[in-house]
Amino acid sequence: MRQANLKGKASVGKGLFITFEGGEGAGKSTQIRRLADRLRDYARELVVTREPGGTELAERLREIILSGGAKKFGPLGEAVLFSAARIDHIDKVIAPALSRGAVVLCDRFADSTRAYQGARGEVAEAAMDALEQAALAGCRPDLTFILDLAPDIGLARAKNRRGEGAADRFEGEADSFHGLLREKFRDIAGAEPNRCRLIDAERSQDEVAAAIWQAMAEKFRQREHEAEAPAEASQP
Ligand code: TYD
């Protein structure tokens, strides 16, 4: 089944796959909720999901990884586990939804593996590429919002949100890690400008939501244009 998907994106149908990325406390959940509310009038079907997670098996892996239970494997081992969770998520949730023509909003995806597990440069780029290619099997996002903000602001927000609870596996990393993480996400945005939109997330929630909506509207227009293109091309 995954072999067939390797042929490319066409296999995941006409849906729209949107991912949200960024460091800790960037405000992804709030923005996903706001975008989902707005999209309900436009999308024939809307699927909101998250990583690690989205399926029973992936949620189980989530528990192991975020509790720190897989830290001893090191970044490559953790990247493999995140990818295993992703394979299940793609096969059971994301690819079928896209095939039905749904808009899929996903809180974190493959860029998080590149950024978090790749932050300290301990995983060879070639290994990361191979893992990503095998796990995604052509199921790549159409649009990725990278919410960018200073790590100290994000970490303070995340701490505020969790109250007395303990920091999870990655939130508890050293400040230097969160600085590297931000750079990694920025590098990803710079390397793939067609897919990625770097969003200044230090602004108010309303301003961030407006920037996201503007990019969404552009994407819808581009899609309409693409849908009209074959008809135009066939005219004499
Ligand atoms: P979550 O509670 O969903 O955090 P957030 O609200 O910041 O998204 O926890 C997910 C954590 O897992 C987060 O710290 C990022 C990390 N992560 C990776 O390190 N690699 C990955 O591939 C993914 C998907 C997440």
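The following dialogue concerns a predicted model and the surroundings of its ligand.

Guide: In this predicted model, local features need pLDDT of at least 70 and side-chain atom pairs count only at pLDDT 80 or more, while totals for chains, interfaces and linings use all residues. Residues are numbered from 1 along each chain as its sequence is written, and side-chain values use heavy atoms, with hydrogens and water left out.

Visitor: Which residues around the ligand come nearest?

Guide: Glu24, Lys28, Arg108, Thr113 and Gln117 come nearest of the 16 residues around the ligand. A residue counts as near if one of its heavy atoms lies within 4 Å of the molecule.

Visitor: What makes the approach of Thr113 to an oxygen atom of the ligand a polar contact?

Guide: A polar contact is a pair of N or O atoms within 3.5 Å; within protein, one must be able to donate a hydrogen and the other to accept it, and residues adjacent in sequence count only if both atoms are side-chain atoms. A polar side-chain atom of Thr113 lies 2.6 Å from a ligand oxygen atom, so the pair falls within the 3.5 Å limit. For Arg108 the distance from a polar side-chain atom to an oxygen atom of the ligand is 2.7 Å. An N or O atom in the side chain of Gln117 is 2.8 Å from a nitrogen atom of the ligand. Taken alone, the ligand exposes 540 Å², of which the protein buries 91%; these areas come from the Shrake-Rupley method with a 1.4 Å probe, and for residues only the protein chains shown count as cover.

Visitor: How is the shell around the ligand divided into nonpolar, polar and charged residues?

Guide: Five residues are nonpolar, three polar and eight charged. Ala, Val, Leu, Ile, Met, Phe, Trp, Tyr, Cys and Pro count as nonpolar, Asp, Glu, Lys and Arg as charged, and the others, Gly among them, as polar.

Visitor: Which helix supplies the largest share of the shell?

Guide: H5 does, with four residues. Helix H3 (56–66), helix H4 (74–99) and helix H5 (110–117) each supply at least two. Helices (H or I, at least four residues) and strands (E, at least two) are DSSP runs, numbered from the N terminus.

Visitor: What makes the backbone at Arg108 and at Pro52 notable?

Guide: Most residues other than glycine have a negative phi, and most peptide bonds are trans. Phi of Arg108 is near 75°, a positive value, and Arg108 lies in the loop between strand E3 (103–107) and H5. The peptide bond from Glu51 to Pro52 is cis, with omega near -10°; Pro52 is in the loop between strand E2 (46–50) and H3.
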